[in-house]
Every structure is written in structure tokens, then in C-alpha cells.
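Me: Got a minute to go through a structure with me? I'd like to talk it over before I head back to the bench.

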Protein chains: 2
Amino acid sequence: MYMANPSFMNGVPELLILRTLDTGEMYGYELVQAIRARTNQAIRLGEGVVYPALHALEREGMLKSRRKLVNGRTRVYYALTRKGEKHLAGLVRHWQHITDAIGLAIGGTAHAAAML
Amino acid sequence: MYMANPSFMNGVPELLILRTLDTGEMYGYELVQAIRARTNQAIRLGEGVVYPALHALEREGMLKSRRKLVNGRTRVYYALTRKGEKHLAGLVRHWQHITDAIGLAIGGTAHAAAML
DNA sequence: AGCAAATACCTCTTGCAACAAGGTATATAT
DNA sequence: ATATATACCTTGTTGCAAGAGGTATTTGCT
């Protein structure tokens, strides 16, 4: 029987979303641009990634939302729950662990890579 | 019309494989263990990931292979081509670029994450 | 001698994350 | 008027990575 495991590289959008919301309450559209800004435009998550992720994270109790009417437009603000903060801390640790490991593998004894 | 783009996070196994082969010719089974060793067991790519990747990379001209009979067992040794070396250099640059960006996003002004 | 584990190669099927595209609606700027 | 920006959303596609399993030889254990 085949039991799939998530790739060790998955969940980076989730990490970026939670980490960005950890700087303060934000709504989806704002989040999309904030992530671009925070990564110097290097990472550009689209709305098709962010909105479904927000809904899933709220369903899992990592986020809580409140609707707010601003200028006739409805905004849905998301904030971290205690659970979300703990989860974020774990994600950050995991990310650091694997990037350290990859950095180690990349940085080791080199041939062609030595002359970068 | 839907035209898929690879996720910005994909291709890490490819990077690890090429980078490890850049330390010298290696065969598949050896590579699997070498990657574990080089990452302090943090990343454990299985044969179901490595072998198909090796075949694809050879098809794309990134690797060249030669068969060798050792102790009655057949080993297929893979080595980087010039093209593979250039490709690797690009992958390393790209990896550094996005991990720098994520590090920036993670490291920025924090609330809960500040107390790690 | 017999059996398990290690060595060494391989393919098949599946799950899911991330993505592009497109849809609705209001406000603002030209 | 018309386009762009704001603000929300869902749907369908694709391909990566993973697990599982298959073949065969050799080595180590008892």
C-alpha cells in the first residue's frame, strides 16, 4: 500500500504567510504584496496560493479572521492564534534545519562550484 | 489556456544530486547514501527519487554515464558534463537567491518569532 | 547449508502543493 | 467612459517527490 509523505520542501508558502502575519494582522490582498516586499520581489505568491492557504490555516485553528468594511470594500483580516504561533516556531526551526543541511551539502568539498 | 510553472521550491533533489556528483563520479546507490551523509541525515532522498532524476539529467545532457562491473555487480557511474556544471552553478545561485529572500522575510521585524 | 541483510539496479502509481486562469464586484484615476 | 487598482474567491492542471515493490548478486551470520 502506497502512503504518500509530503516533500521535505513543501510548506514554504505556509511559512511565509504565518511569518508575515506574525508582524501584525493583515488581509489577503495585503498579504500577497507584503510577502513580495519582504522577500525583495524574489518570491511572488499569487492569490491562488494565498487565499486557499488562509482558509486551510483558519480551518486548522492557526488563524482567526474578522471581516471589516473599509471604503465600501470588504476586507478579511487574519491574525495568528496561539496555536498558529507555536506552529510557526516549529516551521521556522524545520526550515532552518533543512537549509543548514543543504548549505552544508552545497558548501562541502567542491570542484566546479569552488570557482563561484 | 493553462500553462503550468514549476514551484519556486522544486528542483532541490536535482541540486543535491548534481552538487554531490560535482565532488566526483559516483553511482546511484552510492549517491543516495552520500547525500544522506552530506546533509547529516537531514535529507534522505530515496532511490525512487534519485534514479529517475539521474535518467532525466542524462537525457538532458547534464550527466554522462559509464557502466562498470565490480564484484559481479553492475554499477552505473555518473559524471557531470560541462553543461551539467553550468546548470549546477545556476541552480546554486538560484537556491541562494531564494533562501536569502526567505531568510530576510523570516528575520525581519518579529513578534512571537523574536523570542527564539 | 540456509537465511537475512546489504548492494545495486529499476519502474509504477499516487498524492498533493503550487500554480495560472478566470470570475465577481467596488473604487479610483485618466 | 474606460482602465487600473483593490479585494475577495474557485477551478483545473501539472509535475515533483515519495512510497512501494520488483529483480538479482554478494556478503555476513548462525
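Me: Let's start at the DNA. How far is the polar side-chain atom of Tyr2(A) from a base nitrogen of DNA strand D?

Reply: It's 2.6 Å from that base nitrogen. Keep in mind that this is a predicted model, so every distance here is computed from it.

Me: And what does Tyr2(B) do with DNA strand D?

Reply: A polar atom in the side chain of Tyr2(B) sits 2.7 Å from a base oxygen of DNA strand D.

Me: Which backbone comes up to a phosphate oxygen of that strand?

Reply: Gly28(A) does, with a backbone N or O atom 3.4 Å from a phosphate oxygen of DNA strand D.

Me: How many residues surround DNA strand D, and which are the closest?

Reply: There are 31 of them, and the closest are Met1(A), Tyr2(A), Tyr27(A), Tyr29(A) and Arg75(A). On the DNA side, 70% of the atoms of strand D that come within 4 Å of the protein belong to sugar and phosphate.

Me: Which elements supply that surface?

Reply: From chain A you have helix 2 (28–38), helix 3 and strand 3, and from chain B helix 1 and helix 3, each with at least two residues. Helix 3 of chain A has the largest share, five residues.

Me: What's the mix of residue classes there?

Reply: The surface near DNA strand D has 15 nonpolar, twelve polar and four charged residues.

Me: OK, over to the other DNA strand. Which residues are closest to DNA strand C?

Reply: Tyr2(B), Tyr27(B), Tyr29(B), Glu47(B) and Arg75(B) are the closest, out of 31 residues that surround DNA strand C.

Me: What share of the DNA strand C atoms within 4 Å of the protein is sugar or phosphate?

Reply: That's 72%, and the rest belong to bases.

Me: Can you give me some individual contacts?

Reply: Sure. For a base, take Tyr2(A): an N or O atom in its side chain is 2.8 Å from a base oxygen of DNA strand C. For phosphate, Tyr51(B) has a side-chain N or O atom 2.9 Å from a phosphate oxygen of DNA strand C. Gly11(A) reaches a phosphate oxygen of DNA strand C through a backbone N or O atom, at 3.0 Å.

Me: Which helix gives the most to the surface near DNA strand C?

Reply: Helix 3 of chain B, with five residues. Elements that supply at least two residues each include helix 1 (12–21) and helix 3 (47–59) of chain A, along with strand 3 (73–80) of chain B.

Me: Switching topic: the two protein chains. How much area do chain B and chain A bury between them?

Reply: About 3100 Å², and 72% of that is on carbon and sulfur atoms. In chain B, Arg19(B), Ala105(B) and Ile106(B) lose the most area to chain A, together 18% of what that side buries. The contact takes 36 residues from each of chain B and chain A.

Me: How many salt bridges does the rule find across that interface?

Reply: Zero. For polar contacts, the rule finds four residue pairs across the interface of chain B and chain A, with both residues at pLDDT 80 or more.

Me: Which helix of chain B gives the most to the side that touches chain A?

Reply: Helix 4 of chain B, with 14 residues. By class, the side of chain B that touches chain A has 21 nonpolar, ten polar and five charged residues.

Me: Last thing, the sheets. What's the strand order in the chain B sheet?

Reply: The order is 1-3-2, in an open sheet of three strands with antiparallel pairing. Strand 1 (26–27) and strand 2 (63–70) of chain B are at the edges with a single partner strand each, so one side of each has no neighbour in the sheet.

Me: How many bridges link strand 2 and strand 3 of chain B?

Reply: Eight, in the antiparallel sense. One of the partnerships is Ser65(B) with Tyr78(B) in strand 3 of chain B.

Me: And in chain A, what stands opposite Met26(A)?

Reply: Tyr78(A), in strand 3 of chain A. Strand 1 and strand 3 of chain A pair antiparallel over two bridges, while strand 2 and strand 3 of chain A pair over eight.

Me: Which residue in that hairpin takes a positive phi?

Reply: Asn71(A), near 55 degrees, in the hairpin of strand 2 and strand 3 of chain A, which has two residues between the strands.

Terms used. Residues are numbered from 1 along each chain as its sequence is written. Chains are lettered from A and ligands numbered from 1 in the order in which they are written. Side-chain values use heavy atoms; hydrogens and water are left out. Contact means heavy atoms within 4.5 Å. Buried area is the accessible area (1.4 Å probe) that two parts lose on being put together, summed over both. A salt bridge is a side-chain nitrogen of Lys or Arg within 4 Å of a carboxyl oxygen of Asp or Glu. A polar contact is a pair of N or O atoms within 3.5 Å; within protein, one must be able to donate a hydrogen and the other to accept it, and residues adjacent in sequence count only if both atoms are side-chain atoms. Helices (H or I, at least four residues) and strands (E, at least two) are DSSP runs, numbered from the N terminus. Ala, Val, Leu, Ile, Met, Phe, Trp, Tyr, Cys and Pro count as nonpolar, Asp, Glu, Lys and Arg as charged, and the others, Gly among them, as polar. A residue is near a molecule or strand if one of its heavy atoms lies within 4 Å of it. Two strands pair if DSSP finds at least two bridges between them.
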